[in-house]
Amino acid sequence: MNGHDHALFGLAAYQAAVLAGVTTFGQPPPGLATIALGAAVAVGAALIADVDEQHSVSAQGLGVAGAAVRVASSATGGHRTLTHYPLLCVGGLIALCRWLIGAGPGWWFAGLCGVMIAAGTPHLIGKKRRSKAGPFVSVVALGAGALAAWLLHRYNVAPDWWLYAAVPIPYLAHLVGDTPTPAGVPWLHPLSSRKFGLPVFHSGGTFENTVVCPLLIAANAFALYRLHVAGVI
């Protein structure tokens, strides 16, 4: 799945998780500003698994930090290995969110949000502009992430249950979105290195662009409508 559709899928998953948290699990509705913050974080979380691919959106956003992850990924087999291990990555993010919520406001929470926002910022710039801007994209993205982190720390913004919806859920959506492609995802690692995939579509192919993308846009619109009906926004 390409970066654009990963972002859409992650955002739809985030909205669905917020809706389920409020309507099914009885959690207090986040404020509008918090929902917007979560959406920005969710886009980055939905893209950051591809930081191990040099030309991906998140790799462009995280610059040198992304390069360090690619070096680590190359030692485990390259793309769709280290950052695509569901048990390790999603489980780790759930544990991290649980710790951050218990710890309350602080630099660790602000830093996590800043990293995710930096990873997603190049997506807003657009593919053509990114290709022309080159390394300058990383400067803008990292600056946006640093500014977001400073603001969150400065105003003591506290993490809450919505952080689960904004980070591990969109990350998981990324892995689900990669599964219907021939390359697949190593869902059972470290129990098994086998990648599970289905030849439904190729990343960036005609089927994805003409069928999958419109469906994801419709899913986001429907989720936004349901959040409005439920009185969340």
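This passage describes helix packing, one buried helix residue and several loop residues in a predicted model.

Two helix pairs illustrate how the helices are arranged. In the first pair, helix 1, which covers residues 3-23, packs with helix 11, which covers residues 206-229, at an angle of about 25 degrees and with the axes 9 Å apart. Because angles under 35 degrees count as roughly parallel, helix 1 and helix 11 are described as roughly parallel to each other, and their crossing is left-handed. On the side of helix 1, the contact is formed by His4, Asp5, Leu8, Phe9, Leu11, Ala12, Gln15, Val18 and Leu19, and these meet a set of helix 11 residues that includes Glu208, Cys213, Leu216, Ile217, Asn220, Leu224 and Arg226. Sorted by class, the residues of this contact comprise 13 nonpolar, three polar and three charged.

In the second pair, the axes of helix 5 (residues 86-103) and helix 10 (residues 168-178) come within 9 Å of each other and cross at roughly 170 degrees. That angle makes helix 5 roughly antiparallel to helix 10. The residues that meet are Pro86, Cys89, Val90, Leu93, Ile94 and Cys97 from helix 5, and Pro168, Tyr171, Leu172 and Leu175 from helix 10. The contact of helix 5 with helix 10 is made up of ten nonpolar residues, with no polar and no charged residues.

Helix 2 was examined next. For its 16 residues, a rise of 1.5 Å a residue predicts a span of 22 Å, and the end C-alpha atoms are 23 Å apart, which agrees. The buried residues of helix 2 are Ile35, Leu37, Gly38, Val41, Ala42, Val43, Gly44, Ala45, Ala46 and Leu47. These buried residues pack against helix 1, helix 3 (57-62), helix 6 (107-125), helix 8 (136-154), helix 9 (162-166) and helix 10. Within helix 2, which runs over residues 32-47, Ala42 has a relative accessibility of 0% and therefore counts as buried. When its neighbours within four places in sequence are left aside, Ala42 is in contact with Gly10, Tyr14, Ala166 and Pro170. By contrast, the C-alpha atoms of Ala42 and Lys132, which lie 90 residues apart along the chain, are separated by 26 Å.

The remaining features concern loops and backbone geometry. Most residues other than glycine have a negative phi, and most peptide bonds are trans. Asn156, located in the loop between helix 8 and helix 9, has a phi near 50 degrees, a positive value in a residue other than glycine. With a relative accessibility of 54%, Asn156 counts as exposed, since the cut-off for that class is over 50%. The peptide bond from His189 to Pro190 is cis, with omega near 10 degrees, and Pro190 is placed in the loop between helix 10 and helix 11.

The loop between helix 10 and helix 11 also holds Pro180. Although Pro180 and Phe196 are 16 residues apart in sequence, their C-alpha atoms are 8.7 Å apart in space. Beyond its neighbours within four places in sequence, Pro180 is in contact with Leu198, Pro199, Val200 and Phe201.

Note on methods
Residues are numbered from 1 along each chain as its sequence is written. This is a predicted model: local features need pLDDT of at least 70, side-chain atom pairs count only at pLDDT 80 or more; totals for chains, interfaces and linings use all residues. Side-chain values use heavy atoms; hydrogens and water are left out. Axes are lines fitted to C-alpha atoms, for helices over the stretch in contact, and angles run from 0 to 180 degrees between N-to-C directions. Helices (H or I, at least four residues) and strands (E, at least two) are DSSP runs, numbered from the N terminus. Angles under 35 degrees count as roughly parallel, over 145 as roughly antiparallel, 65 to 115 as roughly perpendicular and the rest as oblique. Contact means heavy atoms within 4.5 Å. Ala, Val, Leu, Ile, Met, Phe, Trp, Tyr, Cys and Pro count as nonpolar, Asp, Glu, Lys and Arg as charged, and the others, Gly among them, as polar. A crossing is left-handed if the near helix is turned anticlockwise from the far one by less than a right angle, and right-handed if clockwise. Buried means under 20% relative accessible area, exposed over 50%, partly exposed in between (1.4 Å probe, protein chains only). The expected span of a helix is 1.5 Å times one less than its number of residues.
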